[in-house]
Every structure is written in C-alpha cells, then in structure tokens.
Amino acid sequence: MDNIAGGMKSLCEDIAAAHGDRKRSIKDLKEQAETIRDNARKFVGHCRKVHQEMAEGLTKGLKEDREELVKNVSSLREDFRKKEKEIRADLAEASRIWNKMNKTLESKKRGDIK
C-alpha cells in the first residue's frame, strides 16, 4: 500500500506543480499577447499616419500637375486658334485669287479679253 500511497502522493504533487506551471505559462502568454496587441496598435497607427501623409502628398502633387497641364493645354489651344486664324486667312486669300483667276479665264473664253 505504501507504493499506492506514494504513487498517489507523487501524482498529487505533480498535478499541483503542473497547475502552478500552467498558471505561470498562462500569465506569460497573456503578457506576450498584450505586448503583441500593443505592438499591432502602434503599427496600425503608424501605417495610418504614413498613409495619410502619402495621400496628402499625392493630392498636392496631382493638383500641381493638373494646374501645369491646364496651363499647357491653354497654351496649346491658344496656339491652335492663332494657327487656325492664319490658315483661314490664307484660304480666304487663295479663294479670292482663285475666283479672280477663274473670272479672267471665263472672260477670255467668252472673248471679252483678247
């Protein structure tokens, strides 16, 4: 019976020791989990801050690029209008010369001009 009593005593001591070890392990795990959560919160906060800064930088850059683009397009349109006016004037002059030549040729055909 000493063997059974000794085994039972040893088993009870092992259970008590294991219980204490589990409590310490659980406490350590809780501390580690809290540390991980805290680091995750810091990381997410940092990511949000960096994202906000990048968004502001992109918005600013896009505004500047848009202003430059609008300026360039306005300049191109102004140049186009100037060239269009010149071409229209050239076409009007060419039409006037053509009509004058056509009248001269018709007059020659009719025999008005010799």
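Tutor: Let us start from a cut-off: a residue is called buried under 20% relative accessible area, exposed over 50%, and partly exposed in between. The model before us is predicted, and each value discussed here is computed from it.

Student: Why is glutamine 52 called partly exposed?

Tutor: The relative accessibility of glutamine 52 is 46%, and because buried means under 20% and exposed means over 50%, that value falls in between and the residue counts as partly exposed. Glutamine 52 has its place in helix H1, and its C-alpha atom is separated by 39 Å from that of glutamate 78, which lies 26 residues away along the chain.

Student: What makes arginine 24 and aspartate 21 a salt bridge?

Tutor: The rule asks for a side-chain nitrogen of Lys or Arg within 4 Å of a carboxyl oxygen of Asp or Glu. For arginine 24 and aspartate 21 the closest N and O atoms are 2.3 Å apart, so the pair meets the rule and is called a salt bridge. Both residues lie in helix H1, where their spacing of 3 residues is about one turn of the helix. As for exposure, arginine 24 has 49% relative accessibility and therefore counts as partly exposed, and aspartate 21, at 40%, is likewise partly exposed.

Student: How do you know that glutamate 34 and arginine 41 meet in a salt bridge?

Tutor: Their N to O distance is 3.7 Å, and because the limit is 4 Å, the pair qualifies. Glutamate 34 also forms a salt bridge with arginine 37, with the closest N and O atoms 3.4 Å apart; these two are 3 residues apart in helix H1, which means a separation of about one helical turn. Arginine 37 has a relative accessible area of 47% and is partly exposed, while glutamate 34, at 40%, also counts as partly exposed. Through shared partners, salt bridges join Glu34, Arg37 and Arg41 into one network.

Student: How many salt bridges does the rule give?

Tutor: The count comes to 7. As for the charges themselves, the chain has 28 positive and 22 negative ones, and their mean positions are 10 Å apart.

Student: Which residues form a nonpolar patch on the surface, and what makes it a patch?

Tutor: The residues are Met8, Leu11 and Ile15, which together have about 300 Å² of accessible area. A member must have over 30% relative accessible area and no salt bridge, and nonpolar side chains are joined within 5 Å. Leucine 11, at 46%, clears the 30% limit, so its accessibility fits the definition, although the residue is still only partly exposed. Leucine 11 is found in helix H1, which covers residues 2–110.

Student: How do you know whether the chain has the radius of gyration of a compact globule or not?

Tutor: For 114 residues, a compact globule would have a radius of gyration near 13 Å, but this chain has 47 Å, and the value therefore does not match the globule rule. The C-alpha trace spans about 155 × 30 × 10 Å along its principal axes, and the chain contains 1 helix and 0 strands.

Student: How much of the chain counts as buried?

Tutor: Of the 114 residues, 2% count as buried, which means that their relative accessible area is under 20%. The chain exposes about 11000 Å², and carbon and sulfur atoms supply 59% of that area.

How values were computed:
Residues numbered from 1 in each chain as written. Predicted model: local features only at pLDDT ≥ 70, side-chain atom pairs only at ≥ 80, totals over all residues. Heavy atoms only, no water. Patch = residues over 30% accessible without salt bridge, like charges linked within 9 Å, V, L, I, M, F, W, Y side chains within 5 Å. Areas by Shrake-Rupley, 256 points an atom, 1.4 Å probe, with all protein chains shown as cover. Helix = DSSP H or I, 4+ residues; strand = E, 2+ residues; numbered from the N terminus. Buried < 20%, exposed > 50% of the residue type's maximum accessible area, 1.4 Å probe, protein only. Rg over C-alpha atoms; globule rule 2.2 N^0.38 Å. Lys, Arg positive; Asp, Glu negative; His and termini not counted. Charge placed at Lys NZ, Arg CZ, Asp CG, Glu CD.
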